[in-house]
Every structure is written in structure tokens, then in C-alpha cells.
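Subject: Structure for you to look at

Hi,

Here is the structure I promised to pass on. Have a look at it first, then read my notes underneath.

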Amino acid sequence: MQQLEHFLNGEWQQGGEDGQVLYHSVTGKPIYQAAGSAIDLEAALTYGRNVGGTVLRKMTFHERGSMLKKLALYLHSIKDKYYPVSYQTGATKADSWYDIEGGIGNVFSNASLRRQFPDQTFYLEGEMVPSSKNGQFIGHHIMVPREGIAIHINAYNFPIWGMLEKIAVNLLAGVPAIVKPATSTAYLTEAMVRDIIRSGILPEGALQLIAGSGRGLLDHAGYQDVVTFTGSASTGLMLKSNPNILRNSVPFNMEADSLNCSVLGEDAVPGTPEFELFIREVRKEMTIKCGQRCTAIRRILVPEALVAEVEKALSQALAATTIGDPQMEGVRMGALVSKDQVAEVRERIKTLTSGGQLVYGDPEEVEIIGASAQQGAFMSPVLLRIHEPFVQTAVHEVEAFGPVSSLIPYTGVEEAIALARMGKGSLVASMTTYDDRIAREFVLGTAAHHGRILILNRDCAKESTGHGSPLPTLVHGGPGRAGGGEEMGGKRGVLHYLQRCAIQGSPTSLTNITGTYQRGGRVIHEEVHPFRRYFEELQIGTQWITAKHTVTETDIVNFANVSGDHFYAHVDETALAGTLFNRRVAHGYYLLSKAAGLFVEPRKGPVLLNYGLDECRFTKPVYPGMTIGVKLTVKEKITQEKREEGDIAKGIVKWDVEIYDEQDEIVALATVLTMVQLRNQD
């Protein structure tokens, strides 16, 4: 029997002798002993903050993102070695794919988020806030990595995905992590952490592992730390109520198992594509991972007139699900994680059947392939039918965390909304319908109660990721029973690990502090045109003031003919009565085009191409006879990584463009992007 080890303070260690024995979910044989609790958790947290955190905070978002990409590529190259270990948890190959390759894909996805952040160690959020009459006192929000550690307490059902989807986010933010997986499947997490540490891709102290008891871990958390928990609502509440967590106002993100629902639309009658989609989706969510998913469908809401049809079709689909050793050919559903979990699910079914009827499956008996039902943690899918869902409320309060779901009748979409809300908050709801009026009513009536809502129909079915698959770019979490937290969510997830701070001062001071030009700040004037300078040579705040141009009616007419923009305000002075204009007005895009003509250096140089616009505003009409000029200022610089070895080394320069008139009033503002070559091509 193999002894698992913690990875703490930069070394592997076994802990004490009180480790829990872990059993093979298929054979029932003891296979591992978890690491004991004789460890110095306070020292481990301090080590992570001081060693891993110090290095990560000095890295830019782009460097951290490139590190994650390298890690994802490495793990993908060795992914096959984790499948045999995963089978011991009772997972089939398909179940393991969600955990292993889904987790690695999550790291890839979060690595790509680096492009949404500056090539800085911090993030400048939103726009500058003017705070004075003359513009020399402004405010802005800066977001910096917390100087603590991310404490991840994960559930047993996804020992790899659960770790990777969390650490990818905190590492991109510049915060180290200590991971405490559920003990029953910690051996799979430990196997991957060993490879991650061995790779040397992450800085020392960036990742630590507790492969067993973590009792007392939260007693040492500080206000700069962040705790994320995935698991049961009762355990989450206990941890969230830790006196030390409350005393230090430690951010606590909770993602708890919930009574998710799936609704069959009234239009989705037998014979429609939607009816077939609904049956397939419910069967899949009941049997993937043996229903041990926080997003699994627990409540199946069906129009009352269709309950019998759904019960029949779903029972037939479940009967075709072969159960047994997940490594056997043809097995569609494996085992639950442990016999203890089977016993718990059976107890929950007893509570649910007190208010409902068992219509498919037997909690005590199951036919399996290639293994022993007595030795392994096997269970049949179980389908219940609730007759009076507004009276028999256990279905809205009790969750059997296994292959168990309940059919619930409803009459009218308003009743479906009311029943969905009775779950008191969930991670996900779904509705299968081809009637978008019904879908709209359901979404607007239940969105406040769910973290995510899927509308499934024939149009999106081939590309839909399904009811139970959260995506790293979207929020994963939910209100109420689901814990009130949000995991992932693209950039939103990264910001969770950053501290927002309002900074105030002069535009010049904030320019120098943030590395981004603040309009009104001190500028640098040089004789050499900025388009003649390489990326490294450009300084934030360098400004080029162009020659001026007087706009004529001919300019406006010619631009209308070239662009095809014959909007009345530009070409028909007789149509201006009752408008904002008293004369023919120049096109806004003519002003922008003319500005480019004024500030562009035409000769070949380091500027490779125009990369586009971030923003553009036309603030004052320009009439024939008015004179315009342009102030072009280096606003921000972002280094680009090479995609291939032979690529040109380059970066993106953001330019602040101010177009002003003869009264020195702004008529247009824009942020223009150019791709600029680096002088150093190494």
C-alpha cells in the first residue's frame, strides 16, 4: 500500500501515522494511505507567501501566462499516464477525460487570458476619473496581486480539474497556492503535482500540496490570503464560519453542490428534436461520473402532460447504460468513489422516496460487468417521480450526490419558474425548447437564482458543451445554496485574486506610476518623429504635434464619394432643420482619416502596420472652414511574444489621439494601435 506525501516548504514529506486508508472503488482493495496530519501548516503558508509570492509578483501577466501555457503543453504531453490512476476512482475513460484533459484545457484557456492584461505586474482598471476643474487632480483604479496565498479546498469528484481550474487563475494573477484535495481521491492530485514540481516550470513555492488531513489550515489564514472551497454546502458553511476567517475578513469563495434543474419546454413534445435532446442530456448528466458532479441534474421539470412520456423514454435510455469496471469495453458508467458514498446516497434516496415514487432503478441492487457488486462501490441509476412538488418539498432540499434525479411535473412556465426557484440557488439550470419566448420568460424569471442557464435546442445542440460543463471563460458558481461564489469567469476570475486600490494625484504622477499615459499629464517633445523609433526607444508620454488642416466642403464631398457615406448631415444642408447641426458637417471618420494622414510618417521604418482602434469618440461638430490639428502621444506599450522562432520581435504601441480645432477644443478622441518592431531581434 503506497504512502501519499504532502509537498510543503519545498519538499515531499509523509506527515504522521494517522493517515486515512484509501480503497479502490472498483475492487474495494486498499491501495493508498493518505499522508498524516503531523505537519506545520503555518510554516507552509508563510513559505508560500514569502517564497512563491515574491517571485510571482515580480512577473508580468504576460510572463505568468506564458508560464501557464508551457505548463499546459507539458501536462498534455504526459496526459495518458493519469488515466490508469483515474480508473481507481471509479471513473470511465469519458469521465476521466473531463477531469484530466478538461483540466489541462482549462490551463490553456487561462493562459490565453494574458492578452487581456498589460505586460505589467499589475492591472490598470477602467478609465481615468477626473476629480478637479482644470484636470490636474485625477483618480484611477489599480489592481495588484494580493500578498498572500490561495488556499484551495477541493472536492473528491474532480481531483485534477478541480486543482487546475483554480491554480491557473491564481497563478496568472501572481498569487501562489496551497491545494488541499479531498482525501479520498488525493492520490490522483498527488500524481500530477509530482510531475508539475519535477518539471521546474513553476517558481519555487508557487504550488504546495496537502495530500491528507489539513485540519487547522484555516486557523492560519490572513487577510491577504484567498480561500476557495468546492464541496458540500454544510462543509462549506462550517469552514466559512471559522473564527479566524471572520476575524481577518479573509475572502472566501464557495462553490457548493446544489439542486440544479433542467426544464423541458412545453413545445418540446415527443417527436421533436428537442424532446430527444432533453432525454439524452438528462441521461448523460445522471450517469457521467455516476452523477457525482456539482452541476448534475437533480430536478427534472417536465410539463404535466408529458411526464409519462418522459418517464418511459428516460427509463429506456437508462436501461441501456452498462455499469461495471470502467476499463472494460462497453462500460458506460463506473463506480462511485467509495462504499461510504454509496451508503450516503442510499440514505438520501430514502428521504426523497418518502415524498415520491421510485420509477426506475434499485438503490440496493445493480447488474455490473467485470467486477463484484459486493466489493466495489457500484449503484444503479435511480429515477424518482414527485407528484406534488409544492407539497413534497424534500426534492428541493435534499441532494443525493450520485446517479439520482427526480421527475417533477409543472403546469405553465410560471410554475416552472417557481419550482426552479425552490432550489434556493444553484450552479446551473437548463431549458430545452425551440420557443425563444418561453426561454426568455424562464431566463428572466430565474437568472437571479442560478449562476448559469443553458438554453438547448436543435440550433446549438451539435456545438453545445451541455448542461453540466462549466467553461473557464464563463462564471462557475451560483447564489444561495450554491455558495454565493464565482470561480473562473475569464478575466473576472483573475481579478478575484487582485486587490483594487484607488490612486489619486496629478496626471503626470499617475502616468509615471502606472506606465500608462493619463491625458493632461506632462509630455515629452522630440525632434525625431515617433514612427521613426523602435519599440524599446519609445517613452510613455512622448508626443508629436502635427501640422494643421482647414476642412473644406470639397473634403466632405470627396470623402462621401470615396466612402459611400452619404448621410444627410454631410451632403444635404436643406435637411438640417430640427437637427443638432446648423451647417453641413464633416464625417467623424473623415476627421480620423485626416488625423492619420497628419500624424503618419510615410517613410519605411520600425512601424510595421496599423493594428486597429481601441476606442473612438467624436465630441464636437467640425464644419467647413474650421481648422484641425492632432496631438499623438505614446499611451501604452505591450510586448508581443514570438509565435515561431523566425518571427520578427515586435510589440503593440497604443497611441492617444487628440484632434482639436482652432479654439483648442477637442473634436475627437481615439486610441490607435500600431505594431512596432523591436531593435533587438534576439
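Below is what I found, starting with the sheet and ending with a helix pair.

One thing up front: this is a predicted model.

**The sheet**

The part I'd open first is an open sheet of seven strands with mixed pairing, in the order β15-β16-β17-β14-β13-β18-β19. The edges are taken by β15 and β19 (450-456); each has a single partner strand, so one side of each has no neighbour in the sheet. If you compare neighbouring strands, they are turned by 25° against each other on average, direction ignored.

Walking in from the β15 edge, strand β15 (residues 357-360) runs antiparallel to strand β16 (residues 382-385), and three bridges join the two. One residue pair to click on there is L358, whose bridge partner in β16 is L384. L384 is handy for the next step as well, since its bridge partner in β17 is S406. That second pairing, between β16 and strand β17 (residues 404-410), is parallel and covers four bridges.

Carry on and you get to strand β14 (residues 299-303), which runs parallel to β17 and is joined to it by five bridges. Here V302 stands opposite P409 in β17.

**Helices on the sheet**

Helix α9 (residues 273-287) packs on the sheet and touches β13 (261-264), β14, β16, β17, β18 (426-432) and β19. The direction of α9 makes about 165° with that of β13. Helix α13 (residues 436-446) also packs on the sheet, where it touches β13, β18 and β19. For α13, the angle to the direction of β19 is about 175°.

**A helix pair**

The other thing worth a look is helix α2 (residues 61-77) with helix α4 (residues 93-112). Their axes are 8 Å apart and the packing angle is about 155°. Angles over 145 degrees count as roughly antiparallel, and α2 and α4 are therefore roughly antiparallel to each other. Their crossing is left-handed.

Which residues make the contact? On the α2 side they are G65, L68, K69, A72, L73, L75 and H76, and these meet I104, V107, F108 and A111 in α4. Sorted by type, the residues of this contact come out as eight nonpolar, two polar and one charged.

That's what I have for now. Shout if anything is unclear.

Cheers

Note on methods
Residues are numbered from 1 along each chain as its sequence is written. This is a predicted model: local features need pLDDT of at least 70, side-chain atom pairs count only at pLDDT 80 or more; totals for chains, interfaces and linings use all residues. Side-chain values use heavy atoms; hydrogens and water are left out. Two strands pair if DSSP finds at least two bridges between them. Axes are lines fitted to C-alpha atoms, for helices over the stretch in contact, and angles run from 0 to 180 degrees between N-to-C directions. Angles under 35 degrees count as roughly parallel, over 145 as roughly antiparallel, 65 to 115 as roughly perpendicular and the rest as oblique. A crossing is left-handed if the near helix is turned anticlockwise from the far one by less than a right angle, and right-handed if clockwise. Contact means heavy atoms within 4.5 Å. Ala, Val, Leu, Ile, Met, Phe, Trp, Tyr, Cys and Pro count as nonpolar, Asp, Glu, Lys and Arg as charged, and the others, Gly among them, as polar.
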